[in-house]
Each structure stands twice: as C-alpha cells, then as structure tokens.
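User: I'd like to go through this one with you, a question at a time. Here is what we'll be looking at.

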There are 2 protein chains.
Amino acid sequence: MSKLLDVEDVSASACCAPLSGPVMGEEEAAELAKVFKALADPVRLRLVNLIASGPGGEVCVCDLTGAFELTAPTISHHLKVLRQAGLIEGERRGTWVYYRVIPEALTRLSGLFALPALTSA
Amino acid sequence: MSKLLDVEDVSASACCAPLSGPVMGEEEAAELAKVFKALADPVRLRLVNLIASGPGGEVCVCDLTGAFELTAPTISHHLKVLRQAGLIEGERRGTWVYYRVIPEALTRLSGLFALPALTSA
DNA sequence: TCCGTGTATAGATAGATGTCAAATTAGATG
DNA sequence: CATCTAATTTGACATCTATCTATACACGGA
C-alpha cells in the first residue's frame, strides 16, 4: 500500500455552512481547526500556492525543496500535514512525486467565509 | 487610549490574490499565516461562528463565556488573538463589551480560495 | 543485483501555544 | 469614596510543533 495516499481526510465532514451560518458543533469546529492548522504556517501556505499555481496544477517535490531554505525532510513533513488535512494529494510517477491541490477543499473553504446579506443594508 | 482597540491588523496587507494565483512572497505568506493561526483553534472558530451569527451581527462577551467550559481569561485570550488577526473588533458599551466580525476580513479570505477555471475542463 | 537519487519516516530539541489562578482595569451604583 | 461586576492582563506550566540529523524506503539504471 502506497504510503503516499494515506489521507485521513479531515476536511470531508467539516464545514459547508458559512461561518455566519448556524452554530457549529464542537466536533465540526475541531475538524475545521485541523484544516486551518495546516494553513497556519508560512511555508505551508507558500507550498499550497506553488502547487496550485504550478503548470497543469501540479508540481514535483523536487521543485519544491529548492524553493525554500529548508531540508528535504522538513518540506516532506509540511506536505504530509497538508495531505492529512485533505488540501493536497500526491502521486508518484517513476522517480518523482507530484502534488496537486484538491479543488473541492479550497471551494469548501471559500464558502465558509461567505457573508449572508451584503446586498441589503 | 482604549486597549480594546489595539489592532495590529495583520490582515490588511496580506492576501487578495487567490492561492492559485501568482507566487506570493515570504512576507505575504507570513502575514497570512497569522490570520490562519487565529482560526486554527476549535474554540476560536466557534467564537467567530457565534459572533458572526449573533443577533445584529454582534455578541456580548458575557454570552460567550457561558458557551464554553473555559474560564473567562481564556475566552478573553482567544478574543484577543482574533482581534489582533483583524478578524473581529470589540466595543465597550457601558458595563459590557460587544464583538463583531470584520466583514472585509472574511470576504478577503473567501477570495483567497477562489479557483481559476472551474468552468473549463 | 547492486548503486545512486528522490522522498519519506523516526527521534531529538528549541520554541510556540492553550489553559488556569491571581491580580488589574473599567464602569455602574449605593 | 467604597464596592460590586464585567473583562482583561500577567505569570506559570504542560503540551504541541517546526526543524534538524540520521535512517529507511522506492524506483531506475548499470
């Protein structure tokens, strides 16, 4: 079994209603918090940005390690955190591993911050 | 000078272009990370949710402390973190303090997760 | 099959963070 | 002014996290 695909997909059940919506439960808040924890790091934010803006929507890990003054294991750790948050997914093709963002995850988050009545005053 | 208004407004300069957009700089990533750090806690997420969904878009701190099994200083600490991230603002009216979300902050975050071309394939 | 290279995991450590108890500030009221 | 309540600040402590080095795994090529 490829360890690259170990996704606990924390984001699956969390979130969908906007923050301005009905009161969320403790469990939902806990799962959502894991997703934001994954984004709460400058390196990981830049990783998501690099991956999302990469050619074809994907980027090789070998290109990511060079973009930071960090060791490969550290980058690998950050990628794992993002993966377990359900934000990205990785695929091995031969020697290299490529990462993509999971569009649904971003869309879900976008909806979270939607506001109810900006049209009315 | 009211200490309630000490907002370092970290979110002001950070973000606007979507994550899928052009590559962000280290500085921008660092400031954005502070905002997500503020959201990366179940209690703070529920606080934002409660405040945003409160009547008139605002909630008294006295109503927030009762909603958690945490001491008042802890709630106050979390509110401060959210305030310094530019996500909420507080106002004292007589004996009580009321908090509101800052709509622009949420809107900005919503745009961050926008995807480029979901219409095409 | 044996190296060489690209990624990931394990273990260790310094620094950040959530929580509480105690003390402080701000406003209302007698 | 004295005092009560609401909210914040301060200081301490246990836990979590970002990073490193060292090691292990996966694949391709000789």
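Analyst: Before we start: a residue counts as buried when its relative accessible area is under 20%. Keep in mind too that this is a predicted model.

User: Okay, with that cut-off, what share of the residues in chain A is buried?

Analyst: Chain A has 121 residues. Its accessible surface comes to about 6100 Å², and 57% of that belongs to carbon and sulfur atoms. As for the residues that count as buried, their share is 45%.

User: What pattern does chain A follow along the sequence?

Analyst: Chain A has five helices and three strands. Among its contacts between residues at least 6 apart in sequence, 60% join residues at least 24 apart. Read along the sequence, the pattern is α-α-β-α-α-β-β-α.

User: Let's do the strands. How many bridges join S1(A) to S3(A)?

Analyst: S1 covers residues 58-60 of chain A, and it runs antiparallel to S3(A). One residue to look at is A:Val59, which stands opposite A:Tyr99. The number of bridges between S1(A) and S3(A) is three.

User: And how many between S2(A) and S3(A)?

Analyst: S2(A), residues 88-93, also pairs with S3(A) in the antiparallel sense. A:Glu89 has A:Arg100 as its bridge partner there. The bridge count for S2(A) and S3(A) is six.

User: Which residue in that hairpin of S2(A) and S3(A) takes a positive phi?

Analyst: The hairpin has two residues between its strands. The phi in question is near 70 degrees, and the residue that takes it is A:Gly94.

User: What does chain B have in the turn of its own hairpin?

Analyst: In chain B, S2 (residues 88-93) and S3 are antiparallel and joined by six bridges. B:Glu91 stands opposite B:Tyr98 in that pairing. Two residues lie between the strands, and the one in the turn with a positive phi of about 70 degrees is B:Gly94.

User: Back to S3(A): which residues are on its covered face?

Analyst: In a regular strand the side chains alternate between the two faces of the sheet. S3(A) spans residues 96-101, and its uncovered face holds A:Trp96, A:Tyr98 and A:Arg100. The covered face has A:Val97, A:Tyr99 and A:Val101.

User: Is A:Cys60 buried or exposed?

Analyst: A:Cys60 is in strand S1 of chain A. Leaving aside neighbours within four places in sequence, A:Cys60 is in contact with A:Trp96, A:Val97 and A:Tyr98. Its C-alpha atom is 6.4 Å from that of A:Tyr99, although the two are 39 residues apart along the chain. Because the relative accessibility of A:Cys60 is 4%, the residue counts as buried.

User: On to the DNA. What part of strand D accounts for 81% of the atoms within 4 Å of the protein?

Analyst: There are 25 residues around DNA strand D, and the closest are A:Arg44, A:Thr74, A:His78, B:Ser76 and B:Tyr99. The part of strand D behind that 81% is sugar and phosphate.

User: How far is the polar side-chain atom of B:Ser76 from a phosphate oxygen of strand D?

Analyst: For A:Thr71, a polar side-chain atom lies 3.1 Å from a phosphate oxygen of DNA strand D. B:Val97 uses a polar backbone atom, 3.5 Å from a phosphate oxygen of that strand. For the side chain of B:Ser76, the distance is 2.9 Å.

User: Which element gives the most to the surface near strand D?

Analyst: By class, this surface has 11 nonpolar, eight polar and six charged residues. H4 of chain A and H3, H4 and S3 of chain B each supply at least two residues. The one that gives the most, with five residues, is H4(B).

User: Now strand C. Which residues come nearest to it?

Analyst: Around DNA strand C there are 25 residues, and those that come nearest are A:Trp96, A:Tyr99, B:Arg44, B:Thr74 and B:His78.

User: How far is a polar side-chain atom of B:His78 from a phosphate oxygen of strand C?

Analyst: A:Tyr99 has a polar side-chain atom 2.9 Å from a phosphate oxygen of DNA strand C. B:Thr71 comes in with a backbone N or O atom at 3.1 Å. For the side chain of B:His78, the distance is 2.3 Å.

Note on methods:
Residues are numbered from 1 along each chain as its sequence is written. Chains are lettered from A and ligands numbered from 1 in the order in which they are written. This is a predicted model: local features need pLDDT of at least 70, side-chain atom pairs count only at pLDDT 80 or more; totals for chains, interfaces and linings use all residues. Side-chain values use heavy atoms; hydrogens and water are left out. Buried means under 20% relative accessible area, exposed over 50%, partly exposed in between (1.4 Å probe, protein chains only). Helices (H or I, at least four residues) and strands (E, at least two) are DSSP runs, numbered from the N terminus. Two strands pair if DSSP finds at least two bridges between them. A residue is near a molecule or strand if one of its heavy atoms lies within 4 Å of it. A polar contact is a pair of N or O atoms within 3.5 Å; within protein, one must be able to donate a hydrogen and the other to accept it, and residues adjacent in sequence count only if both atoms are side-chain atoms. Ala, Val, Leu, Ile, Met, Phe, Trp, Tyr, Cys and Pro count as nonpolar, Asp, Glu, Lys and Arg as charged, and the others, Gly among them, as polar. Contact means heavy atoms within 4.5 Å. Accessible areas come from the Shrake-Rupley method with a 1.4 Å probe; for residues, only the protein chains shown count as cover.
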